[in-house]
Amino acid sequence: MAGGTVAADKKTAGDLGAWLCFEDEAGQGLRPPRGRTWGRRGHTPIVTVTSQGTHRVSIAGLLATRPGHTTRLIYRTITYHGRKNDKKGFDETDYIRLLDAAHQQLGGPIVLVWDNLNTHLSKRMRHLVQARDWLTVFQLPAHAPELNPVEAIWSHMKKSLINLTKRTIGQLTRLVKTRLKRMQYRPELLTGFLTRTGLDPRPP
């Protein structure tokens, strides 16, 4: 059923001459992911970091593909510093701004595939989508993250942060943006993330 759903998305994108875009969100705090590193035998390397508070970087990303074009990554970040009035994550306005920016950068209609997050399904989001005739939206099947290539982007990014010291949320934000920007200049890597899902981006 999942394969049939994505095939329908591809056919729609092909019929419209549109970009097929997958979207997903991720977050990273100051506590680093676990990983392996080099060290002297018998001397485990230890780097002290702070994980106090709720400081966090939220990321929303789009992986855009279209036959005959370079695979693209477009993203936005929100940094939560733990202050009372700070925004903790993305709302409908943030998502639609990301999509508007993608439409402008890609220069064509968009067929969007994303998950069933409450914000994606809200009444306000439906109205925002309906107001954009260049945007067609499909939902991924429930509990099918393996069909979303953006999940692999987050995994790759977080692995690259394992051995880097991040003492402040500002440093973490800069590192996240640097890692994502590097991926933007590696379209073959982005295409590999798409291929890993087993999906063929070419219209059926």
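The crossing of α5 and α7 is right-handed. In this predicted model, the two helices pack with their axes 8 Å apart, at an angle of about 125 degrees. An angle between 115 and 145 degrees falls outside the parallel, antiparallel and perpendicular classes. α5 and α7 are therefore oblique to each other. On the α5 side, the contact is made by A152, I153 and H156. On the α7 side, L189, L190, F193 and R196 meet them. By class, this contact has five nonpolar residues, one polar residue and one charged residue.

The α5 helix also packs beyond α7. Its buried residues are V150, A152, I153, W154 and M157. These buried residues pack against three strands, β1, β2 and β3, and against two helices, α6 and α7. I153 illustrates the pattern. Leaving aside neighbours within four places in sequence, I153 is in contact with L63, L73, L180, M183, L190 and F193. Of these partners, L190 and F193 also belong to the α7 side of the helix pair.

I153 leads on to the core. The largest nonpolar core has 32 residues. I153 is among those with the most contacts inside this core, together with I59, L180 and M183. Several elements each supply at least two residues of the core: the strands β1 (19-29), β2 (56-65), β3 (72-80) and β4 (110-114), and the helices α5 (150-160), α6 (169-184) and α7 (187-196). The largest share, six residues, comes from α6. A second, separate core has 21 residues. L62, A64, I74 and Y95 are included in this second core. In soluble globular proteins, nonpolar side chains tend to be buried together.

Y95 connects the second core to another helix pair. Y95 is placed in helix α2. Its relative accessibility is 3%, so Y95 counts as buried. Not counting residues up to four places away in sequence, Y95 touches E23, E25, A60, F90, W114, L117, T119, H120 and M125. The C-alpha atoms of Y95 and G61 are separated by 9.6 Å, although the two residues lie 34 apart along the chain.

M125, one of the residues touched by Y95, takes part in the packing of α2 on α4. The axes of α2 (residues 92-106) and α4 (residues 123-130) come within 10 Å and cross at roughly 25 degrees. The cut-off for roughly parallel is an angle under 35 degrees. α2 and α4 are therefore roughly parallel to each other. Their crossing is right-handed. The contact is made by E92, T93, Y95 and I96 of α2, and by R124, M125 and L128 of α4. Its residues divide into four nonpolar, one polar and two charged.

I78 provides a further view of the strands. I78 is placed in strand β3. At 13% relative accessibility, I78 falls under the 20% cut-off and so counts as buried. Not counting residues up to four places away in sequence, I78 touches R56, V57, S58, K87, G89, F90 and D94. F90 is also touched by Y95. The C-alpha atoms of I78 and K88 are separated by 7.4 Å, and the two residues are ten apart along the chain.

H143 is a case from a loop. This residue lies between β5 (135-139) and α5. Its phi is near 60 degrees, a positive value in a residue other than glycine. The relative accessible area of H143 is 80%, and H143 is therefore exposed.

The overall layout is as follows. The secondary structure of the protein chain comes to seven helices and five strands. Read along the sequence, the elements follow the pattern α-β-β-β-α-β-α-α-β-α-α-α. Of the 204 residues of the protein chain, 41% count as buried. Among contacts between residues at least 6 apart in sequence, 74% join residues at least 24 apart.

Terms used
Residues are numbered from 1 along each chain as its sequence is written. This is a predicted model: local features need pLDDT of at least 70, side-chain atom pairs count only at pLDDT 80 or more; totals for chains, interfaces and linings use all residues. Side-chain values use heavy atoms; hydrogens and water are left out. A nonpolar core is a set of buried Ala, Val, Leu, Ile, Met, Phe, Trp, Tyr and Cys residues joined through side-chain atoms within 4.5 Å. Buried means under 20% relative accessible area, exposed over 50%, partly exposed in between (1.4 Å probe, protein chains only). Helices (H or I, at least four residues) and strands (E, at least two) are DSSP runs, numbered from the N terminus. Contact means heavy atoms within 4.5 Å. Axes are lines fitted to C-alpha atoms, for helices over the stretch in contact, and angles run from 0 to 180 degrees between N-to-C directions. Angles under 35 degrees count as roughly parallel, over 145 as roughly antiparallel, 65 to 115 as roughly perpendicular and the rest as oblique. A crossing is left-handed if the near helix is turned anticlockwise from the far one by less than a right angle, and right-handed if clockwise. Ala, Val, Leu, Ile, Met, Phe, Trp, Tyr, Cys and Pro count as nonpolar, Asp, Glu, Lys and Arg as charged, and the others, Gly among them, as polar.
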